[in-house]
Amino acid sequence: MRRRVRDLLAAVLALGCGAATATPATAGDTAPVFSWIGFYAGVHAGYGTGDGNAASVDPGALLALFPGVNNATSTTSAPFTLGVDQSGGLGGLQAGYNWQAGHLVAGVEADVSVSGIGGRASGSYALRPVFLVGDFDNYTGMVTVTQDIDYLGTLRGRLGYASSNWLLYATGALAWAHVKASLNSSHARLTNNLIIAGFPGALDGHASASGFNLGYAVGGGGEWSFAPRWSLKAEYLYLNLGHQLALSIPGTSLQARDIELHTFRVGLNRQFSP
């Protein structure tokens, strides 16, 4: 009987030792977590859309250009606003560096993009100046406002959570862009009741400006490492590019207000050694 008890105890101890030695082996078989530490660089392409500036058109302001006009009996179209909706593609390069502590990943990234984001808006109106002598004339006018972004870039921090070969992150900091804007107006005379030298050319106008705008960008994205040192990313960024220069021509002014963009990008990154 005692011998059977000794044999049973020996068997239990053997099983326990086997289980204890099997546990580390099972843990060792877990797939290693991808490391995001180090420098990386890559390419991206995407699409941007948003609101640009708005032009205020007041046809009545043109009456002051006519000599001998009777403001009380002259008529014009009502004032209106031309808003520019911008859209277009973008593509460029990015580079950055990541630090990692466990699942937490922090980094910094800079990018620059060539941009086809832009827009234009046009509007027409009627103008009927009546003169003190009782005669009148009829004109029609057309105003066009354009705004384009040639290229843009950001310098951002990134903070994310890594799991296996995935990285989800939030990002934000500085944004800049080279912006161009223009105003153009042209007029045609519909009647020749009273010919005034220099008209309708005196009503036409042109103004343009370009320069660098500085603002901020915020957004987020995800990155997936599909092979050693290679990853794909998808990212959304909201960009506020600050105020564009104000422009004005006879009867029309371009208001200075913030230029806002929503951009969606996909990219390919190559990781290098730290």
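The following conversation introduces a predicted model of a protein chain and its cavity.

Student: How many helices and strands are there in the protein chain?
Tutor: In this predicted model, the protein chain has one helix and eleven strands.

Student: And what pattern does the chain follow along the sequence?
Tutor: Reading along the sequence gives α-β-β-β-β-β-β-β-β-β-β-β.

Student: What share of the residues counts as buried?
Tutor: The chain has 274 residues, and 41% of them count as buried.

Student: What about the accessible surface, then?
Tutor: The accessible surface of the chain is about 13800 Å². Carbon and sulfur atoms account for 65% of that surface.

Student: Which share of the contacts joins residues at least 24 apart?
Tutor: If one takes the contacts between residues at least 6 apart in sequence, 76% of them join residues at least 24 apart.

Student: Changing topic: how many cavities of 30 Å³ or more does the structure hold?
Tutor: The structure holds one cavity of 30 Å³ or more. The volume of the largest cavity is about 80 Å³.

Student: Which residues lie nearest the centre of that largest cavity?
Tutor: They are Trp36, Tyr40, Glu223, Ser231 and Gln271, which belong to a lining of 13 residues.

Student: Which elements give two or more residues to that lining?
Tutor: Those elements are β1 (38-57), β7 (205-227), β8 (230-243) and β11 (258-271).

Student: Which one gives the most?
Tutor: Strand β1 gives the most to the lining of the largest cavity, with three residues.

Student: And what is the lining like by class?
Tutor: The lining of the largest cavity has six polar, five nonpolar and two charged residues.

Key. Residues are numbered from 1 along each chain as its sequence is written. This is a predicted model: local features need pLDDT of at least 70, side-chain atom pairs count only at pLDDT 80 or more; totals for chains, interfaces and linings use all residues. Side-chain values use heavy atoms; hydrogens and water are left out. On a 1 Å grid over the protein atoms alone, a cavity is a set of points where a 1.4 Å probe fits but cannot get out, and a pocket is an open set with protein on both sides within 12 Å along at least five of seven lines; lining residues have an atom within 4 Å of a point. Grid points are joined across faces, edges and corners, and a volume is the space filled by probe spheres set on the points. Helices (H or I, at least four residues) and strands (E, at least two) are DSSP runs, numbered from the N terminus. Ala, Val, Leu, Ile, Met, Phe, Trp, Tyr, Cys and Pro count as nonpolar, Asp, Glu, Lys and Arg as charged, and the others, Gly among them, as polar. Buried means under 20% relative accessible area, exposed over 50%, partly exposed in between (1.4 Å probe, protein chains only). Contact means heavy atoms within 4.5 Å. Accessible areas come from the Shrake-Rupley method with a 1.4 Å probe; for residues, only the protein chains shown count as cover.
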